[in-house]
Amino acid sequence: MLSRKEKPMSAAGKSIVPALTGAIGASVIGGIIWGILTTVTGYEFGFAAIGMGFLSGWAITKLSGGKKSVQLQIMAVIASIIGITIGKYVIFVHVGQQIASEYGESVSYFSPEIMQLFFSNLGVIFGAFDILW
């Protein structure tokens with residue numbers, strides 16, 4: 001149980017909210033860049049996952065005042081997964097746009113139907129090799 005003096009979201013006395021926000025923000029930007037890079041080159045760079053982990057870890061460490069803990073590491077991993085998922089979503093929609101254009105249709109990144117289709121097919125989109133990275 002927390003006493004009134006303890007903060008529920010702290011790592012060594014410093015709030016982790018800015019660190020988590022920064023890590024998620026960095027991963028979102030990284031995911032978008034990775035998705036665009038993949039759509040432009042036609043090649044899905046597996047090393048982007050490592051880069052996403054580095055980016056999230058760096059943001060967590062920098063914005064937590066240099067603190068390191070298991071709690072912060074878990075948050076960096078979660079932020080990395082968010083970034084990788086966003087990159088996969090960008091790629092997914094791009095492929096959907098290419099297929100739709102063959103039929104004279106268009107696909108939006110913000111379409112609820114596309115989002116539902118993406119999340120209902122995560123098992124297909126994320127293969128064993130993706131988990132390995």
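Helix pairs whose angle is over 145 degrees count as roughly antiparallel. The legends below apply this to a predicted model.

**View 1. Packing of helix α1 against helix α2.** Helix α1 covers residues 17–41 and helix α2 covers residues 47–63. Their axes lie 8 Å apart and make an angle of about 155°. The two helices are therefore roughly antiparallel to each other. The crossing of α1 over α2 is right-handed.

**View 2. Residues at the contact between α1 and α2.** From α1, the contact takes in Pro18, Ala19, Leu20, Gly22, Ala23, Ala26, Ser27, Gly30, Gly31 and Trp34. On the α2 side, these meet Ala48, Met52, Leu55, Ser56, Ala59, Ile60 and Leu63. Sorted by class, the contact of α1 with α2 comprises 12 nonpolar and five polar residues, with no charged residues.

**View 3. Helix α3 and the residue Gly104.** Helix α3 runs over residues 70–102, a stretch of 33 residues. The distance from the first C-alpha of α3 to its last is 49 Å, close to the 48 Å expected at 1.5 Å a residue. Gly104, just after α3, has a positive phi of about 75°.

**View 4. Surroundings of Thr85 in helix α3.** Thr85 belongs to helix α3. Residues under 20% relative accessible area count as buried. Thr85 has a relative accessibility of 17% and so counts as buried. With neighbours within four places in sequence left aside, Thr85 is in contact with three phenylalanines: Phe118, Phe119 and Phe126.

Methods. Residues are numbered from 1 along each chain as its sequence is written. This is a predicted model: local features need pLDDT of at least 70, side-chain atom pairs count only at pLDDT 80 or more; totals for chains, interfaces and linings use all residues. Side-chain values use heavy atoms; hydrogens and water are left out. Axes are lines fitted to C-alpha atoms, for helices over the stretch in contact, and angles run from 0 to 180 degrees between N-to-C directions. Helices (H or I, at least four residues) and strands (E, at least two) are DSSP runs, numbered from the N terminus. Angles under 35 degrees count as roughly parallel, over 145 as roughly antiparallel, 65 to 115 as roughly perpendicular and the rest as oblique. A crossing is left-handed if the near helix is turned anticlockwise from the far one by less than a right angle, and right-handed if clockwise. Contact means heavy atoms within 4.5 Å. Ala, Val, Leu, Ile, Met, Phe, Trp, Tyr, Cys and Pro count as nonpolar, Asp, Glu, Lys and Arg as charged, and the others, Gly among them, as polar. The expected span of a helix is 1.5 Å times one less than its number of residues. Buried means under 20% relative accessible area, exposed over 50%, partly exposed in between (1.4 Å probe, protein chains only).
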